[in-house]
Amino acid sequence: MNTRSPSLRAVAALGLLAVIWGYNWVVMKVGLADMDALQFGAWRTLGGALSLFALMAVLRRPFRPSHLPTVALMGVLQTCGFTGLIIIALVSGGAGKTAVLTYTMPFWVMVFAWPLLGERLHGWQWPSAAATLAGLLFILDPAHLGGDLFSMTLATLAGALWALAVIVAKRLQMRAPDIDLLSMTAWQMLIGSLPLVAFALFWPARPANWSPSLIAALGFNILLANALAWLLWLYALRRLSAGTTSMVSLLTPVIGVVAAALQLGERPGANELTGMLLIGTGLVLLSLEGVRRRRQKNFSAAASGNGARA
């Protein structure tokens, strides 16, 4: 019982994280009614970075950055590019649809890992790629280009930029396996927030309406979707396998779609719903393939260890 309690708490932490990140798509959509996208993005990212540095101070983590050029590249891709694109996409696009398109990130990691990391597709990755690509085509619907094509394109590009940031982070962790993940996240968010802050200061925008809903949306993004969320993520990552974390993380876009339907009245059409289901199927297959490969790797390592002892 004692051995299972930490894992159960970690799964609960990951479930809470999925709820926070999933519902945040609705929160951001609500906040954008009272503030322009670039201004909201600047407040979210800079405030989130400062909250992470405050969390580092509480946890007594070192503030000195390491591997700064690579961390800066992550900031440009993940915080500036990814966050900027999803917030602009949410201005005219639905929260649920934007969430699903953004969470095609694992698909783009799989695509980019082939030329950048030399990792070819194996096993269930092939049907996963086919299902995800078909889902994208159903949602984007090239034969009937709708008015929210711009928003959908930005959300898809955001997922691709997120994937590139993941690959950069993966390369960095291969070179520096002991790097502090919280410090790396805080510094990349701070660096990536600076271009958004600059745009927010000099780009013409309507005056913000500092309503209770806007203040609550910014507070949710800064304190819950950043500081608390990353603490939950690091806690779960240390106690669960990567396969378990990836499977539970798939709840995030599902929660985003359900919350958008309940609170914002978003009802996906037949093509969009089909596309969402195909993308979800593709991501599940990708997670299952990751679990299978890790088990196979662990089995091979154990077998070779037993052979060496014999």
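**View 1. The whole protein has twelve helices and zero strands.** This is a predicted model, where local features need pLDDT of at least 70 and side-chain atom pairs count only at pLDDT 80 or more, while totals for chains, interfaces and linings use all residues. Residues are numbered from 1 along each chain as its sequence is written, and side-chain values use heavy atoms, with hydrogens and water left out. Helices (H or I, at least four residues) and strands (E, at least two) are DSSP runs, numbered from the N terminus. Read from the N terminus on, the elements go α-α-α-α-α-α-α-α-α-α-α-α. Of the 310 residues, 47% count as buried; buried means under 20% relative accessible area, exposed over 50%, and partly exposed in between (1.4 Å probe, protein chains only). The accessible surface comes to about 15,400 Å², and 70% of that belongs to carbon and sulfur atoms (Shrake-Rupley method, 1.4 Å probe; for residues, only the protein chains shown count as cover). Contact here means heavy atoms within 4.5 Å. Take the contacts between residues at least 6 apart in sequence: 89% of them join residues at least 24 apart.

**View 2. Here is the largest nonpolar core, with 54 residues.** Such a core is a set of buried Ala, Val, Leu, Ile, Met, Phe, Trp, Tyr and Cys residues joined through side-chain atoms within 4.5 Å. W25, M28, F40, I86, I87 and I139 have the most contacts inside this core. Leaving aside residues up to four places away in sequence, I139 touches K97, V100, L101, M152, N271, E272, G275, M276 and I279. Another core lies apart from the largest one, with eleven residues that include A49, F53, L55 and M56.

**View 3. Helix 6 (residues 125-140) has its buried residues on the same side.** Those buried residues are Q125, S128, A129, A131, T132, G135, L136 and I139. They cover an arc of only 165° around the axis, taken from the directions from the helix axis to the C-beta atoms. An α-helix has 3.6 residues a turn, so residues three or four places apart point the same way. The length checks out too: at 1.5 Å a residue, the 16 residues of helix 6 should span 22 Å, and the end C-alpha atoms are 22 Å apart (the expected span is 1.5 Å times one less than the number of residues).

**View 4. G81 sits in helix 3 (residues 68-92).** G81 is buried, at a relative accessible area of 14%. Not counting residues up to four places away in sequence, G81 touches V76 and L161. From G81 to S193 is 112 residues in sequence but 9.7 Å in space, C-alpha to C-alpha.

**View 5. W43 and W210 make an edge-to-face pair.** Rings of Phe, Tyr and Trp (its six-membered ring) pair if their centres lie within 6.5 Å; planes under 30 degrees apart count as stacked, over 60 as edge-to-face and the rest as tilted. By this rule there are ten aromatic pairs. For W43 and W210, the ring centres are 5.4 Å apart and the planes are at 75°. W43 belongs to helix 2 (residues 37-59), and W210 to the loop between helix 8 (181-202) and helix 9 (212-239), 167 residues apart. W43 is partly exposed at 45% relative accessibility, and W210 is partly exposed with a relative accessible area of 45%.

**View 6. Y103 and W162 form an edge-to-face pair.** Their ring centres are 5.2 Å apart, with the planes at 85°. Y103 is in the loop between helix 4 (95-102) and helix 5 (105-117), and W162 is in helix 7 (residues 149-175), 59 residues apart. Y103 is buried at 13%, and W162 is buried at 16% relative accessibility.
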